[in-house]
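User: I am new to this structure and would like to learn how to read its features one at a time. Could you take me through them slowly, giving the general idea before each case?

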Amino acid sequence: MGRAEDNEIILADVGVSRRHAAFVVNGGQVRVEDLGSGNGTYFRGRRVEAQALTDGDEVIIDPFVLRVRFHGVGADSASAADDAGARLDVISGPALARSSYAIGTGGLTLGRSETRDVVITDAASSRHHCSVFLQDGRFVLRDMGSANGTYLNGNRVREGDLGDGDRVRIGNTEFRFVMGDATKVGSIDTGDYRPSPGMIPVHVDAELSEVPVPMAPRPPA
């Protein structure tokens, strides 16, 4: 998609590059990829080069808002993932009980003690190492006086706000924080993105299948 007339999705605005971005559909997964555009492609307030999408997600190519709807194989599972809320996904480290841990309204505690929500079997982890909790509409990571520290995106912190995609390291174990829908409302007008007045809505249908298929804009009603 872009400003050029030979794109499948034509976004006719001088702020859009001729070859701006692409939706890639592969089996049950959809992602948006920026194609080296001048003004960028934005997802949930952040400029992205590539981003996996779930049903109902909105991609900003100023002044256009592209909302993606899924149909076909895998659409139900994609919607279920979108409803899952915030979580910590395990990236690396000693084997844990699960590969992903949901962060409920009561938060999540992490450490070596078996009383923790996430038990980390790593000598570099303290028994009561850190916690993640929701406070005033944002997710917060807090160290609980651990010996070896809690790291957020490579920096040792006592406390810090979490953003989608942030990395948390405890000893030799690393997690990725995934925002989910828990704080999604109103999030497109945050971070380094400031939308233009009078954003133009564009609907995009993604037909999920076992092989890559092209995407096209929804015909006018």
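The dialogue below moves from the whole chain to single residues.

User: What should I know about the model before I start?

Analyst: This is a predicted model, in which local features need pLDDT of at least 70 and side-chain atom pairs count only at pLDDT 80 or more, while totals for chains, interfaces and linings use all residues. Residues are numbered from 1 along each chain as its sequence is written, and side-chain values use heavy atoms, with hydrogens and water left out.

User: How many helices and strands does the protein chain have?

Analyst: Helices (H or I, at least four residues) and strands (E, at least two) are DSSP runs, numbered from the N terminus. By that reading, the protein chain has one helix and 20 strands.

User: What share of the residues counts as buried?

Analyst: Buried means under 20% relative accessible area, exposed over 50%, and partly exposed in between, with a 1.4 Å probe and protein chains only. Of the 221 residues in the protein chain, 45% fall in the buried class. As for the surface, where areas come from the Shrake-Rupley method with a 1.4 Å probe and, for residues, only the protein chains shown count as cover, the protein chain exposes about 11500 Å², of which carbon and sulfur atoms supply 49%.

User: How do I read a sheet, and in what order do the strands run in the one with strand 12?

Analyst: Strands of a sheet pair through backbone hydrogen bonds, either parallel or antiparallel. Here two strands are said to pair if DSSP finds at least two bridges between them. Five strands form an open sheet in the order 11-10-12-13-16, with mixed pairing. Strand 11 and strand 16 (159–161) are its edge strands, each pairing on one side only. Further in, strand 10 (residues 108–111) pairs with strand 12 in the antiparallel sense over three bridges, and Leu 108 stands opposite Val 132 in strand 12.

User: How many salt bridges are there, and which residue meets Arg 19 in one?

Analyst: A salt bridge is a side-chain nitrogen of Lys or Arg within 4 Å of a carboxyl oxygen of Asp or Glu. By this rule the count is six. In one of them the side chains of Arg 19 and Asp 6 meet, with N to O at 2.8 Å. Both residues lie in the segment before strand 1 (21–26), so the pair ties together parts that are 13 residues apart in sequence. Arg 19 is partly exposed, at a relative accessible area of 39%, whereas Asp 6 is exposed, at 57%. Another salt bridge joins Arg 31 to Glu 33, whose closest N and O atoms are 2.4 Å apart; Arg 31 is partly exposed at 33% relative accessibility, and Glu 33 is partly exposed at 23%.

User: Where is Asp 122, and what surrounds it?

Analyst: Asp 122 sits in the loop between strand 11 (118–119) and strand 12 (130–135). For charges, Lys and Arg count as positive and Asp and Glu as negative, while His and the chain ends are not counted. Asp 122 is buried yet has no salt bridge, and the nearest side chain of opposite charge, Arg 112, is 7.9 Å away. The side chain of Asp 122 does reach the backbone nitrogen of Ala 124, at 3.0 Å. Contact means heavy atoms within 4.5 Å. Setting aside residues up to four places away in sequence, Asp 122 touches Pro 94, Arg 112, Ile 170, Gly 171, Asn 172 and Thr 173.

Definitions and conventions
Polar contact = N/O pair within 3.5 Å; in protein donor to acceptor, adjacent residues only side chain to side chain.
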